[in-house]
Amino acid sequence: MELIDQLVDTWTIHNRINLYLLDAIDPAALSGVSASKGRSVAAQFAHIHNVRLMWLKSAQPALLDGLEKVETKPQPDKDQLRSALEASGMTMATVIRDGLTSGRIKGFKPHPTAFLGYLIAHESYHRGEIGIVLTQCGHPLDDKTSYGLWEWGVR
């Protein structure tokens, strides 16, 4: 597998991990908020999707066609979040592939590989926040899911 294919595959695995986490959450827990306030679990997932759209607007606005921001009021349900994250995840894979091929992501420096690292770091931060909020709200992830987040070879 070529390096570009490996890097795009890394992104798609990461996106599947986000979806794996979402799928494991009890719908009642989506409204949970941290003890220190902030975004609800549902709003964290919406934020991940909406930041992707922000980057699409900068890097390749033509790819925004058909993608819409996820509003947090009223609270989106799991199906809405999953659908949005699947669509924006696939579109971001295109941006990453195009950027790695051309050597540039419009609006981001220093280079496309750093862009991939930035996206994964940002979204993983929010995955961690989601885990904390779920625990604080009495809906901790089960062990299977907690360990499964790290099983990139099978996701």
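**Close-up views of a predicted four-helix model**

**View 1. Lys 37 sits in the loop between H1 and H2.** This is a predicted model, and we begin with a residue on its outside: Lys 37 is exposed, with a relative accessible area of 61%. Follow the chain from Lys 37 to Val 133 and you pass along a separation of 96 residues in sequence, yet the two C-alpha atoms are 9.5 Å apart in space.

**View 2. Arg 97 and Asp 5 join H3 to H1 through a salt bridge.** The structure holds 5 salt bridges, and here the side chains of Arg 97 and Asp 5 meet with a distance of 2.8 Å from N to O. Arg 97 belongs to helix H3 and Asp 5 to helix H1 (residues 3-24), so this pair ties together parts that lie 92 residues apart in sequence. Look at the surroundings of each partner: Arg 97 is partly exposed, with a relative accessible area of 32%, and Asp 5 is partly exposed as well, at 29%.

**View 3. Asp 23 and Arg 82 form another salt bridge.** The closest N and O atoms of Asp 23 and Arg 82 are 2.6 Å apart. Asp 23 lies in helix H1 and Arg 82 in helix H3, so the contact ties together parts that are 59 residues apart in sequence. With a relative accessibility of 40%, Asp 23 counts as partly exposed; Arg 82 is partly exposed too, with a relative accessible area of 25%. Please include Glu 86 in the frame, since a network of salt bridges links Asp 23, Arg 82 and Glu 86.

**View 4. Glu 123 pairs with Arg 52 in a salt bridge between buried residues.** In this pair, the closest N and O atoms are 2.8 Å apart. Glu 123 comes from helix H4 (residues 112-136) and Arg 52 from helix H2 (residues 41-59), so the bridge ties together parts that are 71 residues apart in sequence. Are these two residues buried or exposed? Both Glu 123 and Arg 52 are buried.

**View 5. The largest nonpolar core contains 23 residues.** Ile 25, Val 41, Phe 45 and Leu 81 are the members that touch the most others in this core. Each of H1, H2, H3 and H4 supplies at least two of its residues, and the largest share, 6 residues, comes from H1. A second, separate core has 20 residues, including Ala 59, Leu 67, Val 95 and Phe 108.

**View 6. Leu 81 gathers contacts from several parts of the chain.** Which residues does Leu 81 contact, leaving aside its neighbours within four places in sequence? They are Leu 22, Leu 30, Ala 42, Phe 45, Ala 46, Val 70 and Pro 76. Phe 45 is also worth picking out here, as Phe 45 and Leu 81 are both among the core members that touch the most others.

**View 7. The largest pocket has a volume of about 200 Å³.** Its lining is made up of 13 residues, and those nearest the centre are Glu 68, Lys 69, Val 70, Glu 71 and Gln 80. Which helix gives the largest share of the lining? That is helix H3 (residues 78-102), with 3 residues. By character, the lining divides into 6 nonpolar, 4 polar and 3 charged residues. Val 70 makes a handy link to the previous view: this residue lies among those nearest the pocket centre and is also in contact with Leu 81.

Note on methods
Residues numbered from 1 in each chain as written. Predicted model: local features only at pLDDT ≥ 70, side-chain atom pairs only at ≥ 80, totals over all residues. Heavy atoms only, no water. 1 Å grid on protein atoms, 1.4 Å probe; cavity = no way out; pocket = protein on both sides within 12 Å on 5 of 7 lines; lining within 4 Å. Points joined across faces, edges and corners; volume = space filled by probe spheres on them. Helix = DSSP H or I, 4+ residues; strand = E, 2+ residues; numbered from the N terminus. Nonpolar A, V, L, I, M, F, W, Y, C, P; charged D, E, K, R; others polar. Salt bridge = Lys/Arg side-chain N within 4 Å of Asp/Glu carboxyl O. Buried < 20%, exposed > 50% of the residue type's maximum accessible area, 1.4 Å probe, protein only. Core = buried A, V, L, I, M, F, W, Y, C linked by side-chain atoms within 4.5 Å. Contact = heavy atoms within 4.5 Å.
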